[in-house]
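Please walk me through the surface patches and ring pairs of this structure, as you would for a newcomer.

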Amino acid sequence: MVIDFRLTYPSGTATAYLINSFHTPQGAKLAKKQVRELGKFFTFSFLWSFFQWFYTAADGCGFASFPSLGLKAYKYKFYFDFSATYVGVGMICPYIINISVLVGGILSWGVMWPLIEKRKGDWYSADLPETSLHGLEGYKVFIAIAMILGDGLYNFVKVLSLTTIGLSHQFLQKDVSSDLPTAGHSSDHVSSQVSYDDKRRTQLFLKDQIPAWFSIGGYVAFAAISTATLPHIFHQLKWYYILVMYIFAPILAFCNAYGAGLTDWSLVSTYGKLAIFIIGAWAGASHGGVLAGLAACGVMMNIVSTASDLMQDFKTGYLTLASPRSMFVSQLIGTAMGCIISPCVFWLFYKAFDDIGLPGSQYPAPNAVVYRNMALLGVEGFSSLPRNCLLLCYVFFGAAILINFIRDLAGKKWRQFIPLPMAMAIPFYIGSYFAIDMCVGSLILFVWEKINKAKADAFGPAVASGLICGDGIWTLPASILALAGVKPPICMKFLSRATNIRVDNFLKPQG
């Protein structure tokens, strides 16, 4: 894919150019300034998170619950929650992503959910708890799933078509592989039309190849280990489910890696959803199909994502004259470290925060709810949906496909004004507060670019990274404090005037 097909892998190529730019006098000087800016905003973000912690003694306390747009708007998740992380993310994400998320939030929490809420007692029982999937929560989750599936299906067909056309062009025309060296050919056959830099990169890249027997043997070994061990962890996931996935996964991984090289889109989540529905339906509700589907999704996503991620890295290595064998060894070491670090981080969060994964908590884990309900849908069918939910799901599934189609038909000039369905679906379940944070980040970057575009381009990513990292690193001491039983001393809450009067009267000494 790197040598014969000359695939772009845009993210890997961009990373390579960034690394190469550091190794020039001007690049080194700029890099030092960028690191300095990152350090400043890292410190600010960390201290800001530390300051906020003092006011979070209970649920609904602190700056994260500040009703900056009013209490009515706060009820429908419209508020700025002072999150440095989301402001930083907004500075990094393209404007259309942030606008799409905000449009999705306004459409769902500003229009649809208040209207459906008025149908309580008609479309769904008024006695259901807020978290019941047969009530309003079901509309929030399943309509979001419909949009995600519609967007995923469209992009899957699109990238698969591009992959098929690209592959057939490469094999039938042989316009690249005839001039470029492959593993079985000497680099002396490289065409004179190829630049000296590319010749040098190709020679180094082919010199330290990973042997085919090692790749195939490693895959077979991991397949055997997974087939033997995973059924003992997830009893509902039978060994033959895993074996079937490992047989078909290389084909899907190849398609995903090739598609990522052409378009920079990794459709990992789409392949994961495919595994949820197929394995979940195969297992059936009476044999733990929900858990089997979710576990299968994890297995499939790990296999398929690794292929495209490693290819992006190898493209970076090719352009930076790095040894592919050294890179592969480094990736093995990193994976081994992840096997230890990831469970430890999960344990830390699980023990430190009692409400982790619950709606409305600091860490609601929205994807967990979405994927679980996909598994329920795959196993139980449409019977789990509340009234008229299926019709709305069809509408939004079709709308996601239509919007994507219009985006592809529209020219480059107009495409930037058409929202992305996948981004629009994200706030349907969790609310619009993070979209407001991200739009604030976009606004900061927009104003900065108007004032000084060169500085904004050079230092914007560094400032954003500092904001994200500082806020993220604070999670570690916050977890340790929670494990040690140290509680924040103050609860800062916001009440309406009428509620405040009632609270004051209740607290007044009687007599």
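The dialogue below takes the charged patch, the nonpolar patch and the aromatic pairs in turn.

Q: What kind of model is this, and how are its residues numbered?
A: This is a predicted model, in which local features need pLDDT of at least 70 and side-chain atom pairs count only at pLDDT 80 or more, while totals for chains, interfaces and linings use all residues. Residues are numbered from 1 along each chain as its sequence is written, and side-chain values use heavy atoms, with hydrogens and water left out.

Q: Which residues gather in a patch of positive charge on the surface?
A: Patches are made of residues with over 30% relative accessible area and no salt bridge (a side-chain nitrogen of Lys or Arg within 4 Å of a carboxyl oxygen of Asp or Glu); like charges are joined within 9 Å, nonpolar side chains within 5 Å. Here the positive patch consists of Lys-29, Lys-32, Lys-33, Arg-36 and Lys-455. Helix 2 (residues 25-53) gives the most, with four residues, and Lys-455 is found in helix 19 (residues 453-483). Helices are DSSP runs (H or I, at least four residues), numbered from the N terminus.

Q: Why does Lys-455 count as partly exposed?
A: Buried means under 20% relative accessible area, exposed over 50%, and partly exposed in between (1.4 Å probe, protein chains only). Lys-455 has 46% relative accessibility, so it counts as partly exposed.

Q: Which residues make the nonpolar surface patch?
A: Trp-239, Tyr-240, Leu-243, Ile-247, Phe-248, Ile-251 and Trp-282 make this patch of about 750 Å². Its largest share, six residues, comes from helix 9 (residues 239-263). Ile-247 has its place in helix 9 and is exposed, with a relative accessible area of 52%.

Q: How many aromatic pairs does the structure hold?
A: Rings of Phe, Tyr and Trp (its six-membered ring) pair if their centres lie within 6.5 Å; planes under 30 degrees apart count as stacked, over 60 as edge-to-face and the rest as tilted. The structure holds 37 such pairs. In one of them, the rings of Trp-48 and Phe-51 have centres 5.7 Å apart and planes at 25°, so the pair is stacked. Both residues lie in helix 2, three residues apart, about one turn of the helix.

Q: Where does the tilted pair of Trp-48 and Phe-82 lie along the chain?
A: This pair has 6.2 Å from centre to centre and 55° between the planes. It links distant parts of the chain, 34 residues apart: Trp-48 is in helix 2, and Phe-82 is in the loop between helix 3 (71-75) and helix 4 (84-92). Phe-82 is partly exposed, at 23% relative accessible area.

Conventions
Areas by Shrake-Rupley, 256 points an atom, 1.4 Å probe, with all protein chains shown as cover. Lys, Arg positive; Asp, Glu negative; His and termini not counted. Charge placed at Lys NZ, Arg CZ, Asp CG, Glu CD. Helix = DSSP H or I, 4+ residues; strand = E, 2+ residues; numbered from the N terminus.
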